[in-house]
Amino acid sequence: MTGGERLSLSVTPETCAGTGVCTFYAAGTFELDDDGRVSIVDEHGDPDDDIRNAVEACPTRSLRLGPSGGGRP
Ligand code: SF4
């Protein structure tokens with residue numbers, strides 16, 4: 001079975017509280033820099049379900065998952 005849809009991932013480091021929840025769920029996708037702000041290491045670094053869990057678990061909603069192709073500044 002082929003899953004076609006690719007999701008695009010974006011983060012808002014400005015609102016990240018550095019809880020580490022996202023790196024717990026998806027350590028191959030997110031990392032925290034020295035200031036404790038989230039960044040993306042690899043957009044597809046973990047299974048989609050893990051990434052989705054991380055996005056949903058973020059307490060500050062600093063992670064966003066949506067259909068690819070959206071190009072907001
Ligand atoms: S779960 Fe949210 S608040 Fe916590 S480190 Fe990740 S992006 Fe930041």
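Let's start with A26, which touches G45, D46, D50, I51 and A54 once residues up to four places away in sequence are set aside. Please keep in mind that this is a predicted model. The protein has two helices and four strands, and from the N terminus on these elements run β-α-β-β-α-β.

**A26 and its partner I51**
- You will find A26 in the loop between α1 and β2 (30–32).
- A26 counts as buried because it has 27 C-beta neighbours inside 10 Å, where 20 or more are needed.
- Along the sequence A26 and I51 are 25 residues apart, yet their C-alpha atoms are 5.7 Å apart in space.
- Seen from the other side, I51 is in contact with L9, A26, T29, D46 and L65, leaving aside its neighbours within four places in sequence.
- D46 is therefore listed as a contact of A26 and also as a contact of I51, under the 7 Å limit between C-beta atoms.

**The nonpolar core**
- Both A26 and I51 belong to the largest nonpolar core, which has twelve residues.
- The other members of this core are L9, C16, C22, Y25, F30, V38, A54, V55, C58 and L63.
- Two elements, α1 (21–25) and α2 (48–57), give two or more residues to this core.
- The largest share comes from α2, with three residues.

**Around the ligand**
- The ligand is surrounded by 14 residues, and the closest are C16, T19, V21, C22 and C58.
- Among these closest residues, C16, C22 and C58 are also members of the largest nonpolar core.
- Sorted by class, the shell around the ligand holds nine nonpolar residues, five polar ones and no charged ones.

**An exposed loop residue, E14**
- E14 sits in the loop between β1 (7–11) and α1.
- With 8 C-beta neighbours inside 10 Å, E14 counts as exposed, because the limit for that class is 12 or fewer.
- E14 and S62 lie 48 residues apart along the chain, while 8.1 Å separates their C-alpha atoms.

**The protein as a whole**
- Of the 73 residues in the protein, 19% are buried, and A26 is one of the buried residues.
- Among contacts with a separation of 6 or more, 56% are between residues 24 or more positions apart.
- The pair A26 and I51 is in contact and, at 25 residues apart in sequence, is one example of such a contact.

Methods: Residues numbered from 1 in each chain as written. Predicted model: local features only at pLDDT ≥ 70, side-chain atom pairs only at ≥ 80, totals over all residues. Near = placed C-beta within 6 Å. Nonpolar A, V, L, I, M, F, W, Y, C, P; charged D, E, K, R; others polar. Core = buried A, V, L, I, M, F, W, Y, C linked by C-beta atoms within 7 Å. Contact = placed C-beta atoms within 7 Å.
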